[in-house]
Number of protein chains: 2
Amino acid sequence: MNDFTKLFNPTGIAVVGVSEDLSRPSSQSVCALIRNGYSGGIYPVNPKYEVFEGLQCFPSVVAVPNKIDLVVIGVPAKGVLPILEECVTKGVPFVLILSGGFRETGDDGIELERKILRTAKAGGVRILGPNCLGFVNVHSNVFAAFGSMTRPPQLKPGSVSLVTQSGGFGYSIALSCAEQGIGFRHVIATGNESDINSVQLIEALLSDDLTKSIVVYVEGVEDGRALLEVGRKAMKVGKPIFLWKGGVTEQGAKAAASHTASMTGRYDFYQALFKQTGIVEIQELSDAVDFLQAFAPGKLPQSNGVAVMGVSGGSAIVFADAGERVGLNVVELQKTTQDRLSSVVPNMGAVHNPIDLTAGYFSQANQVKLSKALEAVLEDPAADSLCVNLATTGKSGSLAAAQVLAQVSATTTKPIMVFSSAPKEEFGPAQLVLTQAGIPVLSSPSRVARAIGALLRYRQCQDHLQHHEDEVFPKSFGRHDGLEDDLQQEWLSEVGSKKILKHIGIAFTDDVVLSMNELESLAVTSYPVVVKVISKDIPHKTEVGGVKIGVANPQELRQAIRDISLSVKQLAPKAHLEGMLISPMVMDGFEMIAGVINDQVFGPVLVIGAGGIYTEVLSDVSCRLAPFGVETAMQMIKELKCLPILQGARGRPKLDLFALANALVLLSQFAWEYKRQIMEIDINPLFVLPKGVVGADALIALSNQHS
Amino acid sequence: MNDFTKLFNPTGIAVVGVSEDLSRPSSQSVCALIRNGYSGGIYPVNPKYEVFEGLQCFPSVVAVPNKIDLVVIGVPAKGVLPILEECVTKGVPFVLILSGGFRETGDDGIELERKILRTAKAGGVRILGPNCLGFVNVHSNVFAAFGSMTRPPQLKPGSVSLVTQSGGFGYSIALSCAEQGIGFRHVIATGNESDINSVQLIEALLSDDLTKSIVVYVEGVEDGRALLEVGRKAMKVGKPIFLWKGGVTEQGAKAAASHTASMTGRYDFYQALFKQTGIVEIQELSDAVDFLQAFAPGKLPQSNGVAVMGVSGGSAIVFADAGERVGLNVVELQKTTQDRLSSVVPNMGAVHNPIDLTAGYFSQANQVKLSKALEAVLEDPAADSLCVNLATTGKSGSLAAAQVLAQVSATTTKPIMVFSSAPKEEFGPAQLVLTQAGIPVLSSPSRVARAIGALLRYRQCQDHLQHHEDEVFPKSFGRHDGLEDDLQQEWLSEVGSKKILKHIGIAFTDDVVLSMNELESLAVTSYPVVVKVISKDIPHKTEVGGVKIGVANPQELRQAIRDISLSVKQLAPKAHLEGMLISPMVMDGFEMIAGVINDQVFGPVLVIGAGGIYTEVLSDVSCRLAPFGVETAMQMIKELKCLPILQGARGRPKLDLFALANALVLLSQFAWEYKRQIMEIDINPLFVLPKGVVGADALIALSNQHS
């Protein structure tokens with residue numbers, strides 16, 4: 001693991017490139033260090049000056065007599081390398097390069113960045129940047145940064161760390177959070193990530209005692225597997241990661257390519273990774289603000305059952321609308337709960353869920369009643385979280401409610417959240433009480449619903465990872481005859497692909513393979529069948545007329561063989577025909593596609609989808625990073641739009657979901673074991689039957705990077 | 001049209017139910033009227049007092065010697081009726097009932113509310129409420145309201161009016177907007193809408209010169225057609241309506257039923273109505289805030305082409321991500337535009353879209369360059385709107401940018417919006433300049449994208465309504481023999497339904513109808529066919545085994561007839577069998593369903609969807625309120641997920657979209673003409689062919705409420 005202690009807590013910082021022009025990045029950094037009372041050594045470097053802002057200014061890094069843990073470089077790109085060489089000489093462990101003009105500017109910049117990285121690696125120096133805003137250790141006033149990160153308002157110390165590939169936008173997240181009173185630990189912009197990258201930093205923050213949660217903005221990571229591991233580790237140590245993935249659409253990705261030229265992995269794979277780790281995806285500044293507040297108390301709902309209580313019926317409806325979209329259930333309360341509520345809620349109100357306390361209920365006079373109402377609801381076994389809509393309730397009413405909520409909240413492990421839209425002048429006193437009690441206050445009922453939804457998904461993932469951790473350790477399938485040879489090919493024919501996949505335990509149609517000179521003597525006993533050409537030169541058989549389906553009798557079979565031979569000779573004249581494959585037609589079952597994509601960033605990813613024209617049109621697919629166990633496979637299946645068909649909707653037969661899940665598990669573990677060889681696997685079609693699954697065709701594409 | 005002049009601008013207001021207890025609703029209303037300097041007569045009413053808050057207090061409404069345009073009633077429900085009778089006597093035109101205890105509380109309350117409405121109607125009094133927070137005319141300080149509506153902060157006068165069925169939640173919308181500096185005209189909570197309803201109020205606001213846009217929160221309207229007309233009128237007079245529909249999901253609707261017991265129409269129909277009127281749907285408090293600001297300058301984008309410019313690459317990516325989701329296109333700029341940009345953008349930046357000005361670009365020193373950059377982009381014909389990401393830019397930089405933006409914005413009709421996340425202390429001066437220049441500033445790039453998306457959809461709807469206004473006036477299909485008789489039935493058989501639908505111009509299969517005693521002599525010339533039972537007693541033929549498909553030859557046909565007869569006799573023994581229908585099987589084409597639902601709230605609504613199991617599972621349907629023309633029908637079709645199949649995806653034949661659209665138009669106009677008789681129409685399946693469409697079965701269900 002990377003040790004960034006000296007980066008985050010340097011005993012001495014040299015800043016190269018300070019200038020009379022205080023708007024220069026290096027000047028800004030030194031000024032911020034001085035202004036904020038950084039307690040270590042500050043060593044401005046510029047041969048032109050003897051003194052900078054009252055500090056001794058050094059002609060070079062090596063001229064600094066004291067120990068330096070961090071050198072901040074803010075000179076133009078072409079001047080960076082000589083300074084870096086000085087850092088090597090001086091034995092500096094960390095260098096932050098603020099300057100742009102590298103990879104993001106084209107070929108020359110790429111070459112320059114490579115040189116710098118080589119020099120740093122050779123010299124044992126770690127680099128943050130280049131092309132970045134820097135970082136701030138808020139607790140220790142380390143302002144190795146410029147621009148907005150050094151400008152007011154100063155972030156207050158807290159337990160949230162931020163890692164961002166975009167300095168400008170990332171700092172927008174910090175400012176939005178700060179506005180709601182959220183404090184920070186480290187704020188780090190990573191720029192081009194030439195050396196130190198986001199994932200390494202996140203991992204380091206998991207070991208930082210003062211960091212309790214981590215907000216991340218990334219446009220792309222180079223190693224998806226490292227992110228997967230860090231995500232799972234974060235869940236294990238109980239530090240939630242809130243991640244914003246920029247560049248999720250084609251347009252977004254295009255913009256990403258022009259920005260830091262970082263590699264953008266496929267968004268579907270990121271989302272699969274989020275589900276497999278419990279990383280909480282954020283898609284708006286308000287998500288960061290809301291989710292940080294929601295997670296801070298450390299209370300998670302045990303189920304999707306939620307109670308809603310308040311003085312505004314409209315707010316309850318809006319909460320229910322948004323809640324249903326994120327899987328919450330405004331549950332029916334027990335009879336006893338409703339009875340208890342009846343004794344403290346006015347007749348004109350409602351004691352079923354949502355609970356209508358009636359206008360004006362929140363008041364000093366009603367504190368005891370409110371306390372009883374809250375206790376009744378929180379003791380209902382079906383209600384595992386609570387939204388209290390104060391809505392526009394004024395100063396005294398909201399304060400009265402806040403006091404009761406604070407008291408009751410201390411006695412329950414169920415998350416409670418409050419919606420208030422009252423202005424600060426009215427809500428201030430209540431806000432103070434609620435904040436101290438660790439009760440989040442959000443500014444719309446839908447935002448409360450989405451925040452509870454995020455807690456619920458996190459909790460479900462936590463459960464899943466705790467109970468099914470074994471599933472991440474795959475078994476080996478062992479070798480079988482000819483496998484190693486097979487894996488030396490570029491791709492495997494249908495026959496070869498099916499052989500391997502049968503070996504790992506996936507059922508396929510019972511095919512008859514006839515060589516070209518056996519064709520005359522064929523003896524098929526059961527119809528209808530499918531006839532397919534076999535040739536090492538034809539990976540995509542349908543494109544050359546190499547497939548005939550629905551062949552009903554011996555006469556049609558002979559005709560089919562003749563037709564195929566003729567068509568293939570015309571369309572692929574150079575192909576060597578090895579023979580014909582005769583498969584029984586699968587007549588029942590639901591047609592699906594299962595496959596593996598060995599992605600550059602994420603490694604082997606399993607994909608399952610509905611088959612036929614609708615798959616392509618509707619993109620009814622779900623995916624997960626291999627390897628995984630049957631629970632994860634079931635989750636994949638349950639995400640599909642065609643699930644009701646598999647489950648036997650509208651009087652159709654129920655299909656064998658478990659067998660499908662099992663096939664996915666086998667495929668995922670096989671793809672993981674042979675990840676160096678396998679580039680792609682397609683089982684298309686894969687029929688799900690009332691009992692079992694059966695593949696009818698398969699294709700394995702192999703990598704050239706053989707082991 | 002309803003004249004609410006005296007309601008909104010009363011010359012005198014009596015408030016019944018004032019009390020020493022100043023927390024009582026009536027007391028709150030009078031205090032607010034006094035405090036805010038309402039200039040008309042204020043007449044507190046309570047026989048117990050001679051003076052209330054320094055004003056003469058009257059024993060009854062009739063005891064007030066002056067003219068009263070509005071009586072506000074805040075006494076308990078059972079005391080309301082006698083006061084209303086006094087109002088009739090006094091000739092008061094408007095009564096506002098704040099009190100609850102009516103329809104929302106059950107049978108007794110329903111009866112009481114009915115009585116009150118009868119009395120009011122008979123006496124010529126219009127009622128707002130009961131069970132509502134009241135209303136405020138911000139410009140004239142009419143505070144006929146209580147609760148949050150009378151508490152600080154006071155709304156500042158402006159051009160936005162708010163109509164809400166939920167006082168508490170609706171006022172949350174007002175407060176959120178007020179926080180961003182948005183001013184208001186009228187704020188009206190409608191409560192139970194016993195008499196005056198939201199739609200009537202919206203219509204009245206369209207004629208109010210001081211109202212420029214209208215925000216609405218509704219849980220349900222009783223007359224969807226009235227809303228349709230008001231929505232179209234709003235578009236015509238150029239006053240956008242921003243509508244939040246509460247209770248959109250099952251859970252939401254359940255909550256609605258328990259709230260004001262208002263009728264909740266189906267959300268799909270609401271959304272169809274929004275598309276057909278240009279009503280802008282809002283789904284979050286921030287939508288209201290953002291869209292009001294976005295629409296205020298009155299500039300609409302001519303196309304989805306958008307340019308993005310700024311100093312934060314991450315912000316541009318986030319904008320592009322959100323933009324793609326709402327149909328915006330970060331367009332490629334012309335070569336000449338890029339050349340012009342090159343002369344004013346640093347080399348390290350990017351002159352393609354998104355335009356990267358590089359960190360620190362926004363400054364006093366760069367104002368001339370920025371001005372040229374903006375002009376270049378705004379003169380590019382492909383870029384019809386512009387997002388400028390100031391992100392975290394500080395005080396002097398953002399002010400410098402704001403000054404240039406204000407200047408340039410005055411010279412263009414293209415909408416410009418700004419994203420800034422800088423705190424108020426930094427951004428204040430820039431905000432002032434931008435606000436004065438009518439340039440909206442939103443707090444995240446995704447919010448800018450969604451706001452531009454809303455402008456674009458509004459603009460597209462405006463175009464559509466301007467150019468296709470004729471399509472809202474349907475032609476008559478005239479009568480044909482037997483039609484009137486047919487429409488007297490409860491439902492029409494396949495034969496009868498097809499006869500009518502063919503009459504209006506929709507093609508169906510060429511069927512042979514055989515009476516029971518003709519069955520022996522049948523002479524079918526072309527196979528395969530479908531055989532279906534004909535019986536007035538069997539609306540759903542498949543349920544009794546009354547349909548056989550894929551009948552391939554005369555022998556199978558005889559067998560099919562025998563099987564059907566047998567099955568129907570067993571499963572529907574009392575049914576009178578008239579004969580059998582022999583239809584040719586439609587072998588090509590794509591199977592769809594087209595239908596009409598005559599909804600209680602919205603009247604006839606056309607529905608089109610993909611056929612077969614996927615329709616039911618995926619709900620691939622779209623709908624519009626009838627009647628409409630071919631452009632609207634095309635919009636419906638283009639919303640379907642199966643559109644690529646219709647368009648000939650993956651080498652399939654292109655199908656006849658125009659014929660499908662035309663069938664929908666005919667159906668919509670027919671359903672409209674006979675809306676009193678037709679309850680439901682189903683054409684299932686309707687096959688879309690490469691040329692034309694052909695229905696294969698149809699069922700018309702008729703209403704009992706005959707004309």
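Colleague: Let's start with B:Asn46. Which residues does B:Asn46 touch, not counting residues up to four places away in sequence?

Modeller: Leaving out those sequence neighbours, B:Asn46 touches B:Val18, B:Cys57, B:Phe58 and B:Pro59. Keep in mind that this is a predicted model.

Colleague: Where is the place of B:Asn46 in chain B?

Modeller: In a loop: strand E2 (41-45) comes before B:Asn46 and strand E3 (51-52) comes after the loop.

Colleague: And is B:Asn46 buried or exposed?

Modeller: The cut-off for buried is under 20% relative accessible area. B:Asn46 has 10%, so it counts as buried.

Colleague: Okay, on to sheets. What holds the strands of a sheet together?

Modeller: Backbone hydrogen bonds pair the strands, in either a parallel or an antiparallel way. For the antiparallel case, take the open sheet of 4 strands in chain B, with the order E22-E25-E23-E24.

Colleague: Which are the edge strands there?

Modeller: Strand E22 (512-515) and strand E24 (547-551) of chain B, each of which pairs on one side only. From one strand to the next, the twist averages 20°.

Colleague: How many bridges join E23 to E25 in chain B?

Modeller: There are 6, between residues 529-534 of E23(B) and residues 579-584 of E25(B), running antiparallel. If you want a pair to look up, B:Lys532 is opposite B:Leu581 of E25(B).

Colleague: Which helix lies across this sheet?

Modeller: Try H18(B), residues 494-503: the helix lies across E22, E23 and E25 of chain B, at about 50° to E25(B).

Colleague: Now the parallel case. Which strands pair with E12(A) in the parallel sense?

Modeller: Strand E10 (residues 157-164) of chain A pairs that way with E12(A) over 5 bridges, and strand E13 (residues 241-245) of chain A does too, also over 5 bridges. On the E10(A) side, A:Thr164 stands opposite A:Tyr217 of E12(A). On the E13(A) side, A:Val215 has A:Phe242 as its bridge partner.

Colleague: Why is E12(A) said to be largely enclosed?

Modeller: Because 6 of the 6 residues in E12(A), 213-218, are buried, the rest of the structure largely encloses the strand. Look at both faces: A:Ser213, A:Val215 and A:Tyr217 are buried on one side, and A:Ile214, A:Val216 and A:Val218 are buried on the other.

Colleague: What do E12(A), H7(A) and E13(A) make?

Modeller: A right-handed β-α-β unit. Its helix, H7(A), covers residues 224-237, so to speak the 14 residues of the crossover helix, and reaches 20 Å from its first C-alpha to its last, close to the 20 Å expected at 1.5 Å a residue.

Colleague: How should I read the burial pattern along a helix?

Modeller: An α-helix has 3.6 residues a turn, so residues three or four places apart point the same way. In H7(A), the buried residues are A:Gly224, A:Arg225, A:Leu227, A:Leu228, A:Val230, A:Gly231, A:Ala234 and A:Met235.

Colleague: What about the two ends of H7(A)?

Modeller: At the start, a side-chain oxygen of A:Asp223 comes to within 3.0 Å of the backbone nitrogen of A:Arg225. After the helix comes A:Gly238, with a positive phi near 75°.

Colleague: Last one: how many helices and strands are there in chain A?

Modeller: Chain A has 23 helices and 31 strands. Its C-alpha trace spans about 95 × 80 × 40 Å along the principal axes, and 61% of its 707 residues count as buried. Among contacts in chain A with a separation of 6 or more, 72% come from residues 24 or more positions apart.

Technical notes
Residues are numbered from 1 along each chain as its sequence is written. Chains are lettered from A and ligands numbered from 1 in the order in which they are written. This is a predicted model: local features need pLDDT of at least 70, side-chain atom pairs count only at pLDDT 80 or more; totals for chains, interfaces and linings use all residues. Side-chain values use heavy atoms; hydrogens and water are left out. The expected span of a helix is 1.5 Å times one less than its number of residues. Buried means under 20% relative accessible area, exposed over 50%, partly exposed in between (1.4 Å probe, protein chains only). A polar contact is a pair of N or O atoms within 3.5 Å; within protein, one must be able to donate a hydrogen and the other to accept it, and residues adjacent in sequence count only if both atoms are side-chain atoms. Contact means heavy atoms within 4.5 Å. Two strands pair if DSSP finds at least two bridges between them. Axes are lines fitted to C-alpha atoms, for helices over the stretch in contact, and angles run from 0 to 180 degrees between N-to-C directions. A crossover is right-handed if, with the strands pointing away from the viewer, the path from the first strand over the helix to the second runs clockwise.
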